[in-house]
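Here is a short report for a reader new to this structure. Keep the model in view while reading.

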Amino acid sequence: MFPKDTLNVLKYVLLALSKFMTFQCGGLPHWKINFLAQYTVLLMRLFTRDKPKIKVETTKNDGFSGWLKCTHCQEMLHANELKENLNCCRKCGYHYRLSAQERVDLLADPDTFTLLFESLRSLDPLVFVDSESYPERIAKAQAKSGHTEGVLTGTCSLDGHSIAFGVMDFQFMAGSMGSVVGERLTCLIEHAIKEKLPLVIVAASGGARMQESTLSLMQMAKTSAALAKLEEAGLPFLSVLTNPTTGGVTASFASLGDIILAEPGALICFAGPRVVEQVIRQKLPPGAQKSEFLLEHGMIDGIIHRHEMKGKLSQLLDYLTGNTREYLTLHAAHK
Ligand SMILES: [Zn+2]
């Protein structure tokens, strides 16, 4: 409501006023007006937020902590309520991010997800250093996300369907695709071919991992080539795009799904809106590069609310693997 600078200015104005009144006008004592000034600032802070942030993890359980303001509709939400609603705003339906583990919990049947290819770890072939070294960044990302790399790959059961399942983790260096992310996904696709499993990948990525330069870009070709083999094997690939899916991930495997689904309001693009606007020197239309815009223009096949995603994937797997429940039930009844 009020930017931070306004608050600071107000605080100093009130403090200056207090000194002026105390020493020049003989008004209220200094401490009283100082207290009033501090109290006013505190009161204002209660009703303002410099930058609304959604944090879904709270350790305090009392009713006053964990209140957040939705960045889209400005509605006050409680973190626990948001978490219960799968990180979707109950008023405007805005989909906030889920961690990779939360995504696994959402889509995989309980206790069925088995991690594969966990032993693959990033090296630092370019000895890349910017403000800190690449190994340091990886160590920080591992500590922050609790995962060893930017993607979880494995097998699980989704509503009873055995699938090969990959989930990207945006918390891990913005879900960037380095050689390990590409290799794990490629191994997952090859595993799907070997075990004759349908493939589901949930993408969330800032693009290629710049610390690995060309090696990172090569993952685009590698994952795409592996998906061509999956297609030859007649196995379906369902690609789920979440906010945001950008760069080399959008430009490779994420756009190669037999069916491409997206969450509402997800940013899906190659270059982000700011970069595009700088290049073409024009303002993009409102909502450009959002999933609704892309559905209208034929780039994706459907927008599915998070609450319905598992049901929709299950339905599509039924169709694509030719094992519809109705058929099986009828078949069983005729026997
Ligand atoms: Zn909202």
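Strands β4 (residues 151-158) and β5 pair in the antiparallel sense, over 8 bridges. Within this pair, S157 stands opposite S162 in β5. The two strands form a hairpin with 2 residues between them. One residue of that hairpin, D159, takes a positive phi near 50°. Note that this is a predicted model.

**The sheet**

The hairpin belongs to a wider arrangement. An open sheet of 7 strands runs in the order β3-β4-β5-β6-β7-β8-β9, and its pairing is mixed. Its edge strands are β3 (114-115) and β9, each pairing on one side only. Strands of a sheet pair through backbone hydrogen bonds, either parallel or antiparallel. The table lists pairs from this sheet.

| Pair | Sense | Bridges |
|---|---|---|
| β3 and β4 | antiparallel | 2 bridges |
| β4 and β5 | antiparallel | 8 bridges |
| β5 and β6 | parallel | 4 bridges |
| β7 and β8 | parallel | 4 bridges |
| β8 and β9 | parallel | 2 bridges |

Individual residues mark these pairs. At the β3 edge, T114 has T155 in β4 as its bridge partner. Further along, G166 of β5 stands opposite I201 in β6. L241 has A262 in β8 as its bridge partner. A262 also stands opposite I303 in β9. Following A262 thus leads from one pair to the next: β7 (residues 237-245) joins β8 (residues 259-262), and β8 joins β9 (residues 302-303).

**Strand β5 and its surroundings**

How many residues of strand β5 are buried? The count is 6 of the 8 residues in β5 (residues 161-168), so this strand is largely enclosed by the rest of the structure. On one side β5 pairs with β4, in the antiparallel sense. It also pairs with β6 (residues 199-205), in the parallel sense. A helix links this second pair into a unit: β5, helix α6 (residues 179-195) and β6 make a right-handed β-α-β unit.

Another helix meets the sheet here. Helix α4 (residues 100-107) packs on the sheet and touches β4, β5 and β6. The direction of α4 makes about 160° with that of β5.

**Helix α5**

Helix α5 covers residues 134-145, which is 12 residues. From first C-alpha to last it reaches 16 Å, close to the 16 Å expected at 1.5 Å a residue. Which residues of α5 are buried? They are Y134, I138, A141 and S145. Seen down the axis of α5, these buried residues fall within an arc of 65°, so they line one face of the helix. On the other side of α5, E136, A139 and A143 are exposed. After the helix comes G146, whose phi is positive, near 80°.

**The whole chain**

Now step back from the parts. The protein chain has 12 helices and 9 strands. Of its 335 residues, 32% count as buried. Contacts in the chain can be sorted by the separation of their residues. Among contacts with a separation of 6 or more, 64% come from residues 24 or more positions apart.

Key: Residues numbered from 1 in each chain as written. Predicted model: local features only at pLDDT ≥ 70, side-chain atom pairs only at ≥ 80, totals over all residues. Expected span 1.5 Å × (residues − 1). Buried ≥ 20, exposed ≤ 12 C-beta atoms within 10 Å, placed from the backbone. Arc of directions from axis to C-beta. Pairing = 2+ DSSP bridges. Right-handed = clockwise from strand over helix to strand, strands pointing away. Contact = placed C-beta atoms within 7 Å. Axes fitted to C-alpha atoms, helices over the stretch in contact; angles between N-to-C directions.
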